[in-house]
Each structure stands twice: as C-alpha cells, then as structure tokens.
Amino acid sequence: MAFKRHIDRLPIIPADAKQHNVTCHFCIVGCGYHAYTWPMNKQGGTAPDKNVFGVDLAQQQEAETDAWYSPSMYNVVKQQGQDVHIVIKPDKECVVNSGLGSVRGARMAEMSFSEARNTQQQRLTDPLVWRYGQMQPTSWEDALDLVARVTATIIKEKGEDALYVSAYDHGGAGGGYENTWGTGKLYFEAMKVKNIRIHNRPAYNSEVHATRDMGVGELNNCYEDAELADTIFCVGANPLETQTNYFLNHWVPNMRGGTADKKNAELPGEEHPQVRMVFVDPRRTVTINACEAEAGKENVLHLAINSGTDLALFNAIFSHIAEKGWTDKAFIDASTSGFDDAVKANKTSLEDASKICGVSVADIEKAAAWIAEPKAEGKRRRTMLPYEKGLIWGNDNYRTNAALVNIALATGNIGRPGGGCVRLGGHQEGYARPSDAHVGKPAAYVDQLLISGKGAVHHIWGCDHYKTTLNAHEFKKVYKKRTDIVKDAMSNAPYGDRDAMVKAIVEAINQGGLFAVNVDIIPTKIGQACHVILPAATSGEANLTSMNGERRLRLTERYMDPPGQSMPDSLIAARLANNIERVLRDMGDAAYADKFKGFDWKTEEDAFMDGYHKVAGGGEFVTYERLRAMGNNGVQEPATGFENGKLVGTKRLYEDGKFSTKEGKATFMASEWRGLQAKGKQEQKDKHKYLINNGRANHVWQSAYLDQENDFVMDRWPYPFIEMNPQDMTDAGIKQGDLVEVYNDAGATQAMAYPTPTARRGETFMLFGYPTGVQGNVVNAGTNELILPNYKQTWGDIRKISDAPRNVEHLSFKPKEYKSA
Ligand SMILES: Nc1nc2c(c(=O)[nH]1)N[C@H]1C(S)=C(S)[C@@H](COP(=O)(O)OP(=O)(O)OC[C@H]3O[C@@H](n4cnc5c(=O)[nH]c(N)nc54)[C@H](O)[C@@H]3O)O[C@H]1N2
Ligand SMILES: Nc1nc2c(c(=O)[nH]1)N[C@H]1C(S)=C(S)[C@@H](COP(=O)(O)OP(=O)(O)OC[C@H]3O[C@@H](n4cnc5c(=O)[nH]c(N)nc54)[C@H](O)[C@@H]3O)O[C@H]1N2
Ligand code: SF4
Ligand SMILES: [Mo]
C-alpha cells in the first residue's frame with residue numbers, strides 16, 4: 001500500500017490561538033512559518049471572528065488561499081506540561097518563501113515529539129549511561145559527573161590533545177548561534193582543543209577556503225538577486241530538491257518573466273532579456289528538467305561534464321572571457337588584484353577543456369557567452385554564480401572554488417544586483433565561536449587519527465559519522481573495537497563506585513580504548529558505540545537563532561516543551577563546563593578549574609547574549625526582544641544599527657567594491673588543473689565500472705534522523721535508491737527495486753536499484769547518509785591538502801543481492817522527470 005494519512009477533519013485554529021515566529025529548522029533557505037497553539041478543549045469556528053484567518057470558512061476558499069493547513073502541519077504537543085493543539089504553517093508575509101512550504105518543512109509539526117499522537121517516540125528523554133551491559137537511563141547529575149570526571153582526568157593526565165570533539169558548526173536544528181557558542185566557548189576558550197572536526201568533514205576547516213582567501217565571503221548576495229539575474233550559472237547543485245523554496249519563490253518567477261517590474265524598478269535603463277540558465281553537473285537533475293519547463297529548452301544549457309572536471313571547464317571559460325574582452329575592466333582595476341597573473345597561470349583552451357570535461361567546444365563557448373557577452377549598448381550581463389556540494393565535495397575543492405570566483409570577479413558580478421558568487425548552502429548558518437587559530441592549517445585529520453588509535457575521549461555533538469563520514473566502513477570497524485574495550489571495562493566495574501569506574505575507564509583507554517559521549521536528540525548509529533548519551537532539546541523546544549543563505553537572521557521562538565529531561569545544547573555545554581570546573585577543583589587544581597568559569601547561563605538567551613551579542617559583527621545591536629519584533633523577515637547580517645524600533649541590516653556584501661582582504665581588494669587566484677587530485681581516486685576510477693555519484697533527494701532531510709520514523713518518507717524510500725541506466729541494469733541482471741551491493745576497495749554498502757533513463761551509462765547516483773545503506777562506506781579516505789573530503793568522486797562495482805523485498809513491491813519506479821504543461 002502506498003502511504004495515506006487517513007485524516008478526515010482537523011480542528012479550526014481559533015482566533016485567539018498563540019502565534020510564534022518559526023524559521024524552518026531544516027535547510028539553508030530558512031522559510032518563515034508560524035506555530036499556532038491552543039488548549040485541547042477549544043476549537044475555532046467558521047465565522048470570521050472565530051478563526052485565526054478572519055475569513056468565513058463556511059464559504060469555498062479560492063485556490064491560492066492562505067486559510068488552510070495540511071494534516072502534516074498538525075500535531076498535539078506539550079506546553080508547560082499540558083497537551084495543546086499545534087499547527088506549524090508557512091507564513092505568507094515572509095519574503096523568503098511567501099507562504100510556500102516544502103515536502104520537508106511542511107512536516108515540522110508531525111515530526112515533533114507527541115505522546116498523544118505517538119510521533120517521534122524515538123526522541124531521547126533522559127541521559128543514558130552504559131551499565132550492566134546496556135544503556136540505562138539516569139539523571140543529568142550522574143551522567144555529567146561521569147563525563148566530567150573521565151574528561152578532566154584525561155586532559156590533566158594526557159593533555160587537551162587527547163580530547164577529540166565532533167561538533168556541528170551550522171544553524172537550524174542541531175546548531176544555531178546559542179549552541180555553536182556554547183560548544184565553542186567550552187572547547188576553544190576554557191580549553192584549546194585542536195583535535196576537533198565539523199559535522200560534515202573530517203577536520204576543522206572551511207568548506208570554501210579559497211573564496212575567503214580571495215577576500216570574497218561566500219554568502220555575498222540576496223535572494224532577490226536570483227530575480228534580477230540575466231544568467232544563472234549553477235554549479236554542482238540541485239536547488240529544486242535541496243534549496244526548494246529559494247528555487248520556487250525566486251528563480252522560477254524570473255524564468256517565467258514575472259520579475260520584469262522589479263527589474264525595471266531596480267535596474268532602470270537596462271535591457272532585461274529572458275533569463276538563461278546554465279547547469280554544471282555530470283547528472284541531469286530534476287532542477288534542470290524544471291528549468292526547461294519554466295524557461296524553455298532554448299534558455300537552458302546543461303554542461304554534463306565528466307565527474308570532477310569543473311576546474312578545467314572554469315579555467316577555459318575564464319580564458320575565453322578574457323580573450324574576448326568581456327571583462328569588467330573598471331571593476332577589475334578598482335577592486336581587484338592579480339588579474340593578469342591569473343590569466344597567464346590558468347590559460348586553458350576550449351579544445352583542451354572539451355577533452356577533459358567531455359562537453360563540446362561549442363557548449364563551453366556558449367556558456368561563456370551566456371555568462372559574459374555584453375547586453376545591448378555594451379551593458380554588462382548580470383550573472384549569478386551559485387554552487388554547492390558538487391563543487392564543495394568535488395575534486396580539488398580549493399582550486400575549483402577559486403576558479404569559479406575568478407570568473408565572477410572578472411565579470412564584475414560580486415556586490416552588484418543580479419550577481420553574486422555564492423554557496424547555495426546546506427543547513428542554515430549560525431556560527432559564533434572564540435578564535436580557532438590554535439587549530440592550525442591544515443587542521444588535524446580527526447577521522448584518520450581516531451582510526452590510527454589516537455585520542456582518549458570523544459565528545460560528539462549532533463552528528464552521526466556512522467552514516468555521514470568518508471571511509472565510513474573502516475571508521476566504524478575501528479570505532480566499535482575501541483569503544484568496546486571501554487564498554488567491557490565498564491561492565492566489570494561497580495557503577496556506584498565512581499572512583500573505581502573512572503579508573504577502569506582510564507585503564508581501558510590506555511589499552512587502546514576510546515570513551516565516547518554523544519549529545520543528540522535521538523539514538524543514533526554512532527550512539528550505539530557510545531558510553532554516555534545526553535538528550536538535547538531542538539528547535540522549537542528552545543529559543544534558537546540562525547541565519548539563512550542571504551544572511552537573514554531570525555529567532556525561532558520556543559513553542560513546545562522539550563521531551564523529558566532534554567536540554568538545549570548551549571545549556572548542556574554550560575552544565576558540562578560547570579561539572580568539569582567542580583571536578584578539577586576537587587582534584588585540587590584551582591587554576592585549571594578557573595578556566596571553566598563563565599558558564600553560569602540559566603537560559604539559551606544567556607548564551608546568546610554572552611556569544612552572538614558580544615562577538616558577532618553587528619551583534620551589539622541584536623537582542624531576542626528586537627529579533628522577536630522583526631518577526632519572520634528578521635534582519636540581514638551584519639546588523640548595522642537600530643533605528644525607529646527596527647534593526648537595520650545589509651542587503652548585499654561588497655556593494656562599495658571593498659573586499660575582505662587587508663588592502664580591501666579581491667584577489668584573483670592561480671588554479672591550474674591537476675587531474676583527480678585526492679589520493680586513490682584515479683586508481684579507483686580505473687579499477688571500477690561505475691561512478692557512484694551521491695547526494696540528496698527532496699523528501700529526505702539529511703541522514704533521515706527524523707524521517708526514519710516518518711511513514712511518509714519510509715514508505716517511499718525504505719532503502720536508499722541508486723539511480724542506474726536501464727541498459728546497465730539489464731546487462732547486470734538487475735530489475736527495478738532489487739537490492740544491490742555497491743563495493744570497492746574502501747568498503748561495501750547496499751541500495752535499491754532505481755532505473756533512470758537519463759542516467760548516463762556507467763554513472764549512478766545514490767542517496768547519501770541513509771540509515772538502511774550508507775553510501776559513505778564506499779567513499780575512500782582521500783582528501784585535498786586542507787583535509788576537505790571528496791565524497792562525490794567515488795567509483796565502485798555493483799552486483800545484485802536480492803529481488804525487491806516486500807516493502808519495495810508497491811513502490812513506483814517512474815522516472816523522476818516531469819513534462820512541461
Ligand atoms: N557521501 C556523502 N557524505 C556526505 C555528504 C555527501 O554529499 N555525500 N554530505 C556531507 C554534508 S554536506 C553534511 S551537512 C553531512 C551531514 O552529516 P551529519 O551532520 O552527521 O548528519 P545529520 O543527519 O545532519 O545529523 C545530524 C545529527 O544531529 C542530530 N540533531 C538534530 N537536531 C539536534 C539538536 O538540536 N541538537 C543535537 N545535539 N543534535 C541534533 C540528529 O538527530 C542527527 O543524529 O554529511 C556529509 N557527508
Ligand atoms: N531535500 C534536502 N535538501 C537539503 C538537504 C537534504 O538532506 N535534503 N541537505 C542540505 C545540506 S546540509 C546541503 S550541504 C545541501 C546540498 O545541496 P546540493 O549540493 O544541491 O545537493 P547534493 O545532492 O549533495 O549535490 C548536488 C549535485 O552535485 C552533483 N555533482 C556530483 N559530482 C559533481 C561534479 O564533479 N561536478 C559538479 N559540478 N557537480 C557534481 C550531483 O550530481 C548533484 O546533482 O542541501 C541542503 N538541502
Ligand atoms: S525549503 Fe528548506 S527551509 Fe524551506 S520549508 Fe523546505 S526544508 Fe524548510
Ligand atoms: Mo551540508
């Protein structure tokens with residue numbers, strides 16, 4: 001049976017329901033929502049004064065009405081211990097999404113913890129510790145005491161380099177300014193932890209080092225720029241599925257010609273041609289499909305490059321633009337340095353690039369013209385150049401990032417309306433931490449150090465490497481072995497004898513063991529190896545601030561109680577610091593204990609005021625009260641003032657032509673092509689039959705940590721799909737829905753075959769990070785010189801292991817392509 005909700009009717013939201021500002025806690029876009037709550041024994045009515053919409057609901061509503069909500073937007077949750085109705089629905093007044101939801105965000109309510117309606121019963125409610133051979137619930141006091149004693153003993157005996165940390169650096173759920181400050185203050189101020197990694201990469205570094213080194217921050221434009229652009233040159237991203245409402249609410253209107261008025265008003269005296277779309281992606285995505293439907297095939301160009309060859313393509317386009325003189329000379333002179341050197345160093349002919357990338361000379365030429373050939377009267381084309389994980393997790397990240405920014409700088413497309421060379425983004429952003437300078441560059445390759453037996457204690461905050469890291473097969477094998485050594489030792493010590501327990505753990509660590517602590521909202525895969533699990537409250541269960549892909553900062557107001565004893569991450573960090581301070585004092589080391597002072601926060605707002613308010617650029621203007629008043633439209637960072645009761649922000653960066661370098665000039669960068677750069681990639685490609693390209697799907701949020709308990713998602717994707725060319729499937733004796741093994745020199749995993757006529761022969765695409773089949777098992781350990789992982793360039797072989805299981809039989813395997821009207 002395909003999934004059906006079987007809901008007949010839902011309560012009407014009463015006129016006096018409480019309204020909370022909510023920013024969707026999933027993707028970067030950060031759509032505005034409202035959470036409405038009201039008592040269980042009340043319902044609204046159809047009369048205009050009886051419902052929150054103020055309309056007569058007894059009448060048929062128009063198709064585009066805002067006066068409705070879907071079953072997935074409803075639930076029953078607790079507020080101050082009482083059950084209340086909740087509806088979390090998109091906000092029509094929010095300029096980000098104008099009332100649009102997405103297949104992820106519109107499920108926020110039904111993905112909330114509800115005892116009355118049995119949703120997300122997997123949520124952690126109590127701290128858990130390993131005792132008597134299993135995980136057992138306990139109090140915060142008990143769990144934090146154990147973590148603090150083991151951690152304090154280790155940092156005193158072995159130094160802070162023996163404490164390993166994995167922590168998110170993003171906004172949205174499992175992040176936000178409060179929580180990155182809490183963890184940052186603990187590990188970078190109280191301590192100077194060096195062996196730390198970020199949730200999505202095995203080291204503490206930037207995903208986009210090059211653009212920053214060039215003086216160009218990666219979120220430099222605003223969403224309106226996609227409405228003003230003449231051309232969008234989109235690299236390694238699939239925004240219909242991954243930045244959904246940015247695409248639907250800002251790109252599509254431009255493609256449909258619906259932003260003409262805005263263009264005439266913002267950019268008068270300029271020709272505004274039909275927008276053109278270029279996509280650089282080895283795979284045909286549904287985004288490309290949608291653009292053809294919206295803009296017309298003749299205005300969409302897909303450069304289906306060979307995997308990992310972006311750099312050669314960009315250098316050829318850059319060279320061609322320079323040769324043709326399509327550059328913005330005034331901008332180059334006034335605001336940049338190093339142009340001539342970069343032209344020399346990166347010189348690449350169209351023919352050479354064509355050979356490397358596997359796309360025609362004519363198409364590369366066309367892309368260059370669409371980016372830079374001047375409009376009527378010699379006016380510069382306004383081109384936006386967004387990119388995401390196809391570039392960031394792609395071959396030779398640093399140089400490729402630089403090569404793209406070179407094109408944007410050469411054509412004067414940064415700091416100008418309709419331009420921008422920007423990350424499309426993943427999560428929302430929410431980084432506020434003390435300096436990380438002590439970490440060094442290149443930063444430690446934490447995964448490899450753990451695999452090689454280094455590290456004594458590991459604190460993990462809101463990430464699940466078992467599903468999402470590279471070289472995951474090997475990582476799990478070693479991690480289990482090392483944490484089992486500690487588990488066995490703990491099972492042999494009486495739990496109530498704390499001194500004996502700590503001693504047993506430290507001895508086990510000395511035998512090669514690892515003591516692991518996991519802070520999360522659900523029991524994770526890596527959590528299965530951990531000794532202490534600490535339950536976190538998430539977005540909506542605490543106040544939380546984040547900014548989106550156009551630096552729009554908002555406050556999500558707490559709208560429900562956190563499950564059981566769970567606490568916001570910022571306060572978990574604070575209580576952990578308090579406990580380490582106490583333990584160090586008990587050990588007689590007052591000087592060390594003093595370093596853990598300053599964590600007397602009572603609320604997440606205290607963390608915000610101690611962190612963002614004090615350290616962020618423009619943070620001094622920002623308080624919860626002011627943000628609350630700014631509602632779902634918030635303020636674009638950096639805030640520059642507070643006037644007439646409103647926060648004032650920054651629409652675009654670099655509008656004054658001054659960049660983030662010492663001299664204020666953006667610098668071009670030499671970025672020569674050097675083939676598949678990360679270790680072992682070329683060998684893997686030579687040895688194996690299929691490209692195992694990988695990434696995301698619209699329905700699924702990240703490693704499916706909430707989706708794995710959502711019937712709608714699990715019904716559609718009981719197993720991770722692997723898109724395959726139908727002829728390849730026939731040749732290998734694989735039918736639709738069959739379970740296949742994907743394997744190579746790094747490891748093995750499994751997936752469900754999804755016939756995809758647009759997939760090229762020998763090229764597959766697998767859903768990443770899935771609980772029922774981890775793609776990262778077959779990603780090898782190769783990184784670039786700054787320890788940026790290369791998830792996308794992976795090759796392997798595929799063999800059938802089973803016919804379609806029962807929970808696959810009902811699935812549709814229709815191609816994901818859709819036809820234009
Ligand atoms: N092969 C391959 N691997 C990849 C990628 C790829 O494209 N291909 N992409 C990479 C990228 S871009 C990313 S972002 C990573 C994602 O990697 P992870 O960050 O490891 O994955 P998530 O599913 O986002 O995991 C987040 C964890 O945080 C928990 N969580 C949610 N909310 C909260 C909260 O409020 N507090 C706490 N403490 N925990 C919370 C969830 O339960 C979940 O266990 O994967 C990376 N790995
Ligand atoms: N629905 C949904 N949305 C999400 C997420 C999610 O889990 N689900 N996660 C969020 C997060 S944390 C992130 S980081 C973003 C990621 O957002 P995206 O980067 O858009 O997503 P991906 O699917 O990882 O990869 C994008 C594209 O890179 C292409 N690619 C692979 N190899 C190459 C290459 O060599 N060159 C080029 N040019 N392209 C290549 C892939 O074919 C794929 O179509 O999505 C965010 N939004
Ligand atoms: S597009 Fe992103 S932010 Fe908007 S509703 Fe969907 S998941 Fe949430
Ligand atoms: Mo990400």
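Which residue in β19 does Ser-546 stand opposite? Ser-546 faces Arg-554 in that strand. The structure is a predicted model, and this briefing covers its two ligand sites, one helix, one strand hairpin and several backbone features. Ligand 2 has 35 surrounding residues, and ligand 1 has 29. The protein buries 99% of the area that ligand 2 exposes when taken alone, and it covers 98% of the accessible area that ligand 1 has on its own.

**Ligand 2 site**

- Among the 35 residues that surround ligand 2, the closest are Thr-242, Asp-281, Asp-310, Val-700 and Gln-702.
- Two backbone contacts involve nitrogen atoms of the ligand: a polar backbone atom of Thr-242 lies 2.7 Å from a nitrogen atom of ligand 2, and a backbone N or O atom of Val-700 is 2.7 Å from a nitrogen atom of ligand 2.
- Asp-310 contributes through its side chain, with a polar atom 2.6 Å from a nitrogen atom of ligand 2.
- Ligand 2 on its own exposes 920 Å², of which 99% is buried by the protein.
- Two or more residues of the shell around ligand 2 come from each of the elements α5 (239–242), α14 (389–392) and β25 (690–695).
- By class, the shell around ligand 2 holds 10 nonpolar, 16 polar and nine charged residues.

**Ligand 1 site**

- The 29 residues around ligand 1 include Thr-468, Asp-520, Asp-569, Ser-703 and Gln-775, which are the closest.
- Two side chains approach nitrogen atoms of the ligand: a polar side-chain atom of Trp-393 is 3.2 Å from a nitrogen atom of ligand 1, and a polar side-chain atom of Arg-696 is 3.2 Å from a nitrogen atom of ligand 1.
- Lys-792 places a polar side-chain atom 3.0 Å from an oxygen atom of ligand 1.
- Alone, ligand 1 has 910 Å² of accessible area, and the protein covers 98% of this.
- The elements β16 (515–520) and β17 (532–537) are those that give two or more residues to the shell around ligand 1.
- The shell around ligand 1 comprises 11 nonpolar, 12 polar and six charged residues.

**Helix α20**

- Helix α20 covers residues 569–586, and its 18 residues should span 26 Å at 1.5 Å a residue; the end C-alpha atoms are 26 Å apart, in agreement with that value.
- Because 13 of its 18 residues are buried, α20 is largely enclosed by the rest of the structure.
- Gly-588, just after α20, takes a positive phi of about 90°.

**The β18–β19 hairpin**

- In a regular strand, the side chains alternate between the two faces of the sheet.
- In strand β18 (residues 544–547), Leu-544 and Ser-546 point one way, while Thr-545 and Met-547 point the other way; all are buried.
- Strand β19 (residues 552–556) runs antiparallel to β18, and four bridges join the two.
- Four residues lie between β18 and β19 in the hairpin, and Arg-551 in the turn has a positive phi of about 60°.

**Cis peptide bonds**

- The bond from Lys-441 to Pro-442 is cis, with omega near 0°; Pro-442 belongs to the loop between β14 (421–423) and α16 (446–451).
- A cis peptide bond also leads from Glu-637 to Pro-638, with omega near -10°; Pro-638 lies in the loop between β21 (635–636) and β22 (641–643).

**Loop residues with positive phi**

- Asp-396 is not a glycine, yet its phi is positive, at about 50°.
- Asp-396 is located in the loop between α14 and α15 (397–410), and its relative accessibility of 2% means that it counts as buried.
- Tyr-654, likewise a residue other than glycine, has a positive phi near 65°.
- The loop between β23 (646–648) and β24 (666–667) holds Tyr-654, which is buried with a relative accessible area of 11%.

**Asn-780 and its polar contacts**

- Asn-780 lies in the loop between β29 (763–767) and β30 (795–802).
- With a relative accessible area of 9%, Asn-780 is buried.
- A polar atom of the Asn-780 side chain is 3.0 Å from the backbone oxygen of Lys-679.
- A polar atom of the Asn-780 side chain is also 2.9 Å from the backbone nitrogen of Gly-782.

Methods. Residues numbered from 1 in each chain as written. Chains lettered and ligands numbered in written order. Predicted model: local features only at pLDDT ≥ 70, side-chain atom pairs only at ≥ 80, totals over all residues. Heavy atoms only, no water. Near = heavy atom within 4 Å. Polar contact = N/O pair within 3.5 Å; in protein donor to acceptor, adjacent residues only side chain to side chain. Areas by Shrake-Rupley, 256 points an atom, 1.4 Å probe, with all protein chains shown as cover. Nonpolar A, V, L, I, M, F, W, Y, C, P; charged D, E, K, R; others polar. Expected span 1.5 Å × (residues − 1). Buried < 20%, exposed > 50% of the residue type's maximum accessible area, 1.4 Å probe, protein only. Pairing = 2+ DSSP bridges.
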